[in-house]
Amino acid sequence: MDTSPIFTDDTIVFGLLMLALGFVFITESIKTGFWPKFYKIVPGLFMAYMLPAVLTTAGLISPEWTSVSDAGEEIEHSTNLYYVASRYLLPAALVLMTLSIDLKAVFNLGWRALVMFFTGTIGIIIGGPIAILLIATVAPDAVGGVGPDAVWRGLSTLAGSWIGGGANQTAMLEIYGYNQAKYGGMVFVDIVVANIWMAIILIGIGKRNGINKWLKADTGAIENLKEKVTMFSEKVKRNPTLTDLMIICTIAFGTVSLAHLCAGYLAPLFENMVSGIESVTTRNIFTFLGSKFFWMISIATLIAILLSFTKARNYEGAGASKFGSVFIYILVATIGMKMDLTLIFENGWLITIGVVWMTIHALLLILVAKLIKAPYFFLAVGSQANVGGAASAPIVASAFHPSLATVGVLLAVFGYAVGTIAAIGCTILMELAAVS
């Protein structure tokens, strides 16, 4: 069946995404009438995410589609925009946003950041089995299945994705041998539920002051970091010359190039090392070390942190972090276009399991944040470092302030490290819940 959208050319689709972003920024800059009231409720970042989703839902664009050749053969197609944004623009954004980072101030954010991250992890671990138990009371068949078709085996891949990332998800598929013909359904649930949750988090960012007041949160360390970066930015602020802009691009994409180069060597090296481990469980725990994306993001961030101790940090005064923010918004738009809003109503029970699962994750985060008086920033980033990983944790962090993007990356790296072993624990509990 031909499922081609109206526009399939990436150059046209990219233009539509930029028009959507332009609409958001133009309307957000209007200070009178309807729009100021609208953006008090709905953050601009959420609109940058949702408008592309509307374009996808309307059939104008699509992340993936099928066409039918003259010979009647079905041909699979996909856009390259998300790949380009996540592999080139995301690391470039992280470099530019990290240039002016005050590393000591980041570490001074304290223990609450780690507590909220691990709370998010625990929320995923216990959320899966609880969701199975709850859904089983009303629809036992929805959590049934035997052998490779067992639903709990498929849900193990969600646990891997929501605690670590793509590499951890693949590891769980290999460990538990879920029927690969049905695997697409789990990927579908992953995309829908994770994107709905991210949308809710983005809306919360617009209400963070009220949320922090309700949590009685101590935001002193965060405000201190933001103030330090803002003061430094004002101190070195200047009208950028063409030379400044070219050097900013050189720093950003030169680092991205080096990160890709190193990742190209390190990922296969570690993949070979890990594949030589005799224990299957141990081998799969370290699968993430064979991910080029993991190494690329980690190396780009590490180089940027090193550059923050040099004169390169002065390019913040020429607008380095603003360029980074542009790249982040483009990434957000490409993530948004992956979301077809009509899919929410398909695969009903699987989606319901995912929603219940994510709700438990969210409720636990809220409970712990209230108990330890953690700011909404730690709740949001701690969650996304688990559920969204290195692609979306910096997006959420930078929505609070560009200087905080590095915090999202550092926590996401924790997610990669604990992803598989935590997902195995979650799956053991889900299996017990499913057969009980």
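Student: In this predicted model, is Phe34 buried or exposed?
Tutor: The model is a prediction. A residue counts as exposed when its relative accessible area is over 50%. Phe34 has a relative accessibility of 52%, so Phe34 is exposed.

Student: What kind of aromatic pair do Phe34 and Phe38 form?
Tutor: A pair of aromatic rings is described by the distance of the centres and the angle of the planes. For Phe34 and Phe38 the centres are 5.6 Å apart and the planes stand at 35°. Planes under 30 degrees apart would count as stacked and those over 60 as edge-to-face. The pair formed by Phe34 and Phe38 is therefore tilted.

Student: Phe34 and Phe38 both belong to helix H2; by about how much of the helix are they separated?
Tutor: An α-helix has 3.6 residues a turn, so residues three or four places apart point the same way. Helix H2 covers residues 34-41, and Phe34 and Phe38 are four residues apart in it. Their separation is about one helical turn.

Student: Which residues make up the cluster of rings that includes Phe34?
Tutor: The structure holds 15 aromatic pairs. Ring pairs link Phe34 and Phe38 with further residues into a cluster. The members are Phe23, Phe34, Trp35, Phe38 and Tyr39.

Student: Which residue lies over the face of Trp214?
Tutor: A charge sits over a ring if, among other conditions, NZ of Lys or CZ of Arg is within 6 Å of the ring centre. At Trp214 the distance from the ring centre is 4.3 Å. The residue over that face is Lys370.

Student: Over the face of which residue does Arg238 lie?
Tutor: Arg238 is partly exposed, at 33% relative accessibility. Its distance from the ring centre in question is 5.3 Å. The ring belongs to Tyr315.

Student: With which residue does Arg238 meet in a salt bridge?
Tutor: Side chains of opposite charge can pair when their charged atoms come close. The side chain of Arg238 meets its partner at 3.2 Å, N to O. That partner is buried, at 9% relative accessibility. It is Asp244.

Student: How far apart in sequence are the parts that the pair of Asp218 and Arg112 ties together?
Tutor: The count of salt bridges comes to two, and one of them joins the side chains of Asp218 and Arg112 at 4.0 Å, N to O. Asp218 lies in the loop between helix H10 (208-215) and helix H11 (220-235), while Arg112 is in helix H6 (residues 111-136). The parts tied together are therefore separated in sequence by 106 residues.

Student: With which side chain does the side chain of Asn195 make a polar contact?
Tutor: Asn195 is placed in helix H9 (residues 183-206) and is buried, at 9% relative accessibility. Beyond its neighbours within four places in sequence, Asn195 has contacts with Tyr49, Asp190, Ile335 and Met339. The polar contact has a distance of 2.7 Å, and the side chain is that of Tyr49.

Student: The side chain of Asn386 has a polar atom 3.0 Å from a backbone oxygen; which residue does that oxygen belong to?
Tutor: Asn386 sits in helix H17 (residues 376-387) and is buried, with a relative accessible area of 0%. Leaving aside neighbours within four places in sequence, its contacts include Gly120, Thr121, Ser161 and Trp162. The backbone oxygen belongs to Phe117.

Student: Is Ser308 buried or exposed?
Tutor: Ser308 is found in the loop between helix H14 (292-307) and helix H15 (320-336). Outside its neighbours within four places in sequence, it is in contact with Thr98, Leu99, Ile101 and Arg313. Buried means under 20% relative accessible area. The value for Ser308 is 5%, so Ser308 is buried.

Student: Which residue in the turn between S1 and S2 has a positive phi?
Tutor: Strand S1 (residues 64-68) and strand S2 (residues 74-78) run antiparallel and are joined by five bridges. Val68 stands opposite Glu74 in S2. The two strands form a hairpin with five residues between them. The positive phi, of about 85°, belongs to Gly72.

Student: How many of the eight residues of helix H18 are buried?
Tutor: Helix H18 covers residues 393-400. Its buried residues include Ala393, Pro394, Ile395 and Phe400. Helix H18 is largely enclosed by the rest of the structure, because the number of its residues that are buried is seven.

Methods: Residues are numbered from 1 along each chain as its sequence is written. This is a predicted model: local features need pLDDT of at least 70, side-chain atom pairs count only at pLDDT 80 or more; totals for chains, interfaces and linings use all residues. Side-chain values use heavy atoms; hydrogens and water are left out. Buried means under 20% relative accessible area, exposed over 50%, partly exposed in between (1.4 Å probe, protein chains only). Contact means heavy atoms within 4.5 Å. A polar contact is a pair of N or O atoms within 3.5 Å; within protein, one must be able to donate a hydrogen and the other to accept it, and residues adjacent in sequence count only if both atoms are side-chain atoms. Rings of Phe, Tyr and Trp (its six-membered ring) pair if their centres lie within 6.5 Å; planes under 30 degrees apart count as stacked, over 60 as edge-to-face and the rest as tilted. A charge sits over a ring if NZ of Lys or CZ of Arg is within 6 Å of the ring centre and within 35 degrees of the ring normal. Two strands pair if DSSP finds at least two bridges between them.
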